[in-house]
Structure formats: structure tokens, C-alpha cells
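Here are some short exercises to work through with the model open on your screen. Try each task before you read its solution.

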Amino acid sequence: MTTIGPDRTGERRRALIPVAVVLGLVAVLALVLYAVTRPAKVWDPATPEGVVQTYVTAVLAGDTVTAADLLAPGSPCAATDLDRAYLSRDTRVDLVGSTVQGTQAQVRVLVAVDPGPDPLGGNGEERTFRLTRTTAGWRIDGIPWPLYECTGRLT
Amino acid sequence: MIASVLLLVLLAVVGGVVVVVRAVSHRSGAPAARTSSLRELFTYVLLLVAVLVTSTGAAGLLGQLLDRYATDGPLVAGSVEAARNGAFVVVGLPLGLLVGLVIRRALRDDPAERTSFGWAAYVTAGTVVPLVVAMVAVHDSLGWALGVDPENPRAVARAVVWSAVWLVHWRLDRALTPADHATPHLLLGSALGLGTTVVGAVGTVGNTLDLAFGLQRDTFVDPQDQLRRAAATLLIGATVWTLYWWRHAASRPRAVLTDAYALAAGTVVGIVTGVVGTVWAVSDVLVWALGSPSAAGAAEHFRNTPHLLATAAAGALLWWYHTGLLARPAATARPGRDEAHRLRDYASAVLGLLATCVGGVMLVVALVDALTRSVAVAGTPAANTALVAVAALLVGVPVWWLAWRTAQAACRTTPGPERASVTRRTYLVAVTGVGVLVAVGALIGVVYVLLEDLFAGAVTLGTLRSLRFALGILVVAAAVAGAHAALFRAERAMRPHAVQRVRYVVLVGAGDPALAHEVAAITGARVLSWPRTDGAALVWSAADVARLVAASPGPDVVVVQTPDGPLAVPVDRQRGDVAAVTVPLVPPGAPATSPDGGTVTTS
């Protein structure tokens, strides 16, 4: 078999390069987007970090009863206080660190609202949760984020 | 960062001043600025937006990846961040590639494109913006690495992505932009690096001294952490400054922008930093030795002193290094003292005068305070105020005197150009004008307080006490305004009448810019020089031209070189309605008709 006309195989191959690059970029982007939208790591609810994670997730979902169940028995706050709290639905909470000393624990988190307006990365502020070990497990003490004052009244 | 931004603002201001002064002092031979089309500008703006948006999205996605898989990850995360960053990349990347290909073709096909305003603006923004973001991100990452800040994978991602964006644009700039068009970019980067270096160096030296002497400036911050942060700032600033200034911009010959940079960094920032640091440190020592310190012990009283001494030293170094840059010969101007040297001296004089005035005002305040001490309930002791005033005077007077002595020496050696210079006249008028305005404001304040107490029937010693600041400002401002007004009047009277009469000189056929500068310096007139295009090179003598101009009745003079020597023709360029006659285009040989119906003969 003979080929008639100039051999254009090389040109065709070169023309395929941009297509391959675009397809590669699309594949990488899809993979990255899949990786970053997977559910966050679930911490053991028996640990201070796990309790804070459950509490914050419930607060952001509006499930204030579940969140209030994680407050320590002597806490001045109740579900009605959480009902009044305003939160942006774009809130992200990162774990900064935690320390456990006997029956007391501290969990430090960074609360940020996305999309952060600062391209230099200055958005977000650090908050600390203080926890006490009770018979039911770790429970959150004091007036925890996102609350600043509590009435403790259930009605 | 704040210091860098301030330095950039100052650079812009001083650059503007230098440009205006140069434009006013000699408007000859400036090439017409290249105007770029609106379409070209929008193309570059579009590319810049695409690059910034894509970089933000890519850095965000990489940050999320590192946050999830290199650390413990977020406790709670929504989908908003991923959606935003994904949208940035999905839209920005194809847009950037498309516009980038169009611009690449334009740069390849048209060499003039590389010298266009659009390209220079794009490549400057495309390097400086990523540089700023990368510097902050590297600083945050180093904070994490050194253990002073919490883990910050997003900062690492920003540092990686924005450094890459900066590197691509830096290499494009080096490869494509002609050297003389790259100066703004290099100077902006140098200013950023220098500002960051100064902040980092002051913090490093200050915190090291704090640790050495057992001082603690901030009660709630560990000096070790402060030292690590400052060292990181110093490292980043020094790297940027070395690359931008030491490796590239420093070898540039003197020009408007490099002079503006040297004046902003050396004269303005250097003197302000040095004076503030020194006055504060000296007043701390004086108050501790002779006054009534409020602090309980020396460690508390001198807790700021290491940082103040470091600030003063940084100011002195800035002044010494950048003032030295102005001593290099300029490429275009004639050797000797030029407007940049005058700006250096008169700006230094203004800053020294300002410190002196502050000292003078506080001295009056302390005097009135001491006289009316019987009605004082609480406040800073008069002796402390007086000692701070003495510190300001001890620093301000030498700074003003050294600069003023240089300017006065130039007045003695070359009185004509110095007294006729725009910078000196602006200095005298501005200091007088600002002094008068401030004095009027203070006088209104004095009269207001007096009348208020008078109408209330309560003019007491307390009235004089409440007037102490207004009185101090009034006395000092009036003295400064009076002295400078007298000097300005005396110098105006000294200027020869003939030199004042000629406003504008056109040298027809003289192509040497140095000659125009020389004639302008001698006559005080604006000089325009038109070079010959037929290659004939006749010798011009600046002294002969100046003599002819001085002898001419004016108000403007056109000088033509003839085989017998220069010929000066007095003209009046303001009376264009009489001098300029429009001649209609007519066939050769036919009589031309003037606009008023008469006949004009053309030859």
C-alpha cells in the first residue's frame, strides 16, 4: 500500500499535544476537586477533638439540641442560647491543637469564613474550647464559640 | 509590610516631585510618550486578571489538599472554598492561556510591543503582586517551620504557587523587556525588599539586645518568638533586596526614577527613621537622668530603647547608602550640582526644621506649664516635656544646619543657578506659606480660648495654661514663616532684572542638551533646544548665548547660529494671534490670499 500526498502524521501528532494537555489539566482538576470535597476526617467521639467536632458540626447544621447535649452539666448555656447564634453557612473550622491534663482538656481551633476575602491569608481567628471529663465522656465547659453570653434558660 | 507600603507611597510622591521639577526646569527634547491603544490595555488587564484569579484558585486548591492530607485536616469544612477555587481555575486558566497566546503573537510579530506601556504595566504588576503575596506566605510558612506560629499548610501552598507565578513573570521580564523599560519594576521590588529588610533588621537587633539585657518589650509575647519572626522577615527582605537592587537595579545609571528611589529611601525614610529613633532614645536617657521617670525601674523605662537605637542606626545606614547614590555622575545632565542634589538638601532641611519646630513648640509648652504649675492637677511634669524638647532640638538643629549649610555654600559658589532653581524657590515659598497657615490656625485657637473664658468671666491662670500648645505653635510658626519670607524677599531683589525679563529661549540648531542646561542655569529662563538635521555642526558657546539673551529685550528669544556667530531675535510667543498667520495652500506661482483678504507672499 502506498501513501499519496505529503506525510502529515507528525503534524497530526503535534496537533494532539494541546488536546492532551487540556485533557490532562481537566483530569488533574477533577481529581483535586474530588479530593478536597471528601468528608473531613471523623475524630473519635470519645476524645476531646471528637466532641468538639461533633459539637461544631451540629451547631453549623442548626441541630442545637445535639450540640447542647455536649455541654457540661454545669454549663451556663442551653440550646436556646445556641438558637440565637448567627453563623455563616460558609464557616470552616480547623484544628490547631489540643492538650489534655487529667480531667481537663483544651482544644484550639481556627474559625474562618470562606471565601476568605484576604488573598494574603489573614482571615480566621483562633478560639479555644475547654472540656471536662464526666461520666458521659468529655463535655464542653464555659461559654463556647459561637456564644459570647448565655442565659441558660430553656424557654 | 506597612513600611514597604509607606516606602512605595513615598517613592511615588518623590518620583512625582522629581518629574515635575525636571519638567518645569527644562522642557527640552523630551520624546513624545508612546500612547497605547485602549484595546491593547484591556488585553493586558484581562491577562493580569486571569493570572491573578487562576493563581488564587490554584493556591487555594493546593492549600486544601495539603490541609487534608499533610496535616490532621479541618474539623468541619463546607464546599464553598472548593467551589470558589475550582471556579477560579476553570475560568481563569483557559482565559489566561487564550489571551496569553494572543499577546505572545503580538510580542513576536511587533518588536515595538515590548516597549509599550501595556507590556511594562502588565509585567510590573505580574511580578510585584505575586512577590508581595509570596513574601507574606513565605513569612507565615517560616513562622510555622520555626515553631512560633501554628501549622499553616495554606501558607505553604500560597508560597509555592505565587513564587512560581513570580518566577515566570520575572524570567519573561528579563528576556523580553528592554533594560530602560524595566526600571519601574526593579525599583518597586527594591523598595519592597528594602522596607522588609529594615523592619526585619530593626526587630532582629532590637530583640537580640532585649534578650541580652533581659528586657521584655511586650508583656504577653516571648522575646525569643519575636526574634525568630524578625529573623524570618530579615531573611525574606534581604533576599528580595539583594536580587532586585544589588544584582540588577544598582547598576543602572542615574535617572529620574533612580534618583526618586534614592531620595525616598535615603533622604525621607532615612532621616525620618533616624530622627524619630534618636530623639526618642535620647529623651528616654535625659528623662531617666534628669527628669521624673514614671516607670518603677530601669528595665521598664528602657524597654523600648534597644528597638529605638536599632531604628536610629537603620535610618543612618539608609541615609548614608542612598545619599551616596546621588553622588554618582548622571548620564544626561552636566557634572556638578543638579536638582536631585537640591531636593536632597532642601528635603533634609525641611525634615530637620520640622524636628526643630517640634522641639521649639514643646519648649514653649514646658515654659508655660512651669509658670502655671499652681493650677495643674495631674499630667506629665514640665521638666520631662522640656527634656523631650531638648532632645528634639539636639537632633533637629544639626540635621537642619548641615543641610542648610550645604545649600548656602552652593548659593555662594554658584548664586545664579542656585537662587533661580525651582527647588530652592519652592522650599522658601512652601515653608513660608505653611508657616503662615499654621500660625493663623494657632492664632484663631488662642483668640477663641481667650474669648471663651472672657465671655464666661473666667480669665485665670488656667486660661494661659490651656493656651500653652496654641501659643507654642504660634510662636514657632510665626518665627519660621518670618525668617523664610525675609530670605525669599531678599533673594528676589538680588536677581538681575535682565535675567528675569527673558522667559523662554529657543536654540535653533543646537543639539547638545548640556548646552541647554547650561544656558537655563545661567539665565534662569526655560530653554528649548532644536537639533539640526543636515549634519552641520557649528560650535555654540553657552557664555555667548547667555550674554546675548541678557542683552535682549525679551520677553522670549530665538537664538540662531550664523557663520558670524550667534544671532538673538527677540520675540513674544504669547502674542500668537498677531504672529501666527495661516497661509492657505495654493498652486506654485499663484498669489496667495491672506485670511483678512490681503496678499501674502511666500518664498
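Helices (H or I, at least four residues) and strands (E, at least two) are DSSP runs, numbered from the N terminus. This is a predicted model, where local features need pLDDT of at least 70 and side-chain atom pairs count only at pLDDT 80 or more, while totals for chains, interfaces and linings use all residues. Residues are numbered from 1 along each chain as its sequence is written, chains are lettered from A and ligands numbered from 1 in the order in which they are written, and side-chain values use heavy atoms, with hydrogens and water left out.

**Exercise 1.** Find B:Gly291 and work out which residues it touches.

*Solution.*
- Start with the loop between α8 (256–290) and α9 (298–301) of chain B, where B:Gly291 sits.
- Next, list contacts (heavy atoms within 4.5 Å). Leaving out residues up to four places away in sequence, B:Gly291 touches B:Leu286, B:Asn384 and B:Leu387.
- Then check B:Ala383: its C-alpha is 5.8 Å from that of B:Gly291, though 92 residues separate them in sequence.
- Finally, look at accessibility: buried means under 20% relative accessible area, exposed over 50%, and partly exposed in between (1.4 Å probe, protein chains only). B:Gly291 has 21%, so it is partly exposed.

**Exercise 2.** Track down the disulfide and say which parts of the chain it ties together.

*Solution.*
- Search for cysteine sulfur atoms within 2.5 Å, the cut-off for a disulfide. The whole structure gives one, over all chains.
- The pair is A:Cys77 and A:Cys150, with sulfur atoms 1.9 Å apart.
- Turn to the S-S bond: 80 degrees about it makes this link of A:Cys77 and A:Cys150 right-handed.
- A:Cys77 lies in the loop between α3 (64–69) and α4 (79–84) of chain A, and A:Cys150 in the segment after β4 (137–141), so the link joins parts 73 residues apart in sequence.
- A:Cys77 counts as buried because its relative accessibility is 9%.

**Exercise 3.** Lay out the four-stranded open sheet of chain B and find its edge strands.

*Solution.*
- Two strands pair if DSSP finds at least two bridges between them. The strand order is β3-β2-β4-β5 (chain B), with mixed pairing.
- The edges are β3 (526–531) and β5 (565–571) of chain B, each pairing on one side only.
- Now zoom in on β2 (residues 504–509) of chain B, which runs parallel to β3(B) over six bridges. There, B:Tyr504 has B:Arg526 of β3(B) as its bridge partner.
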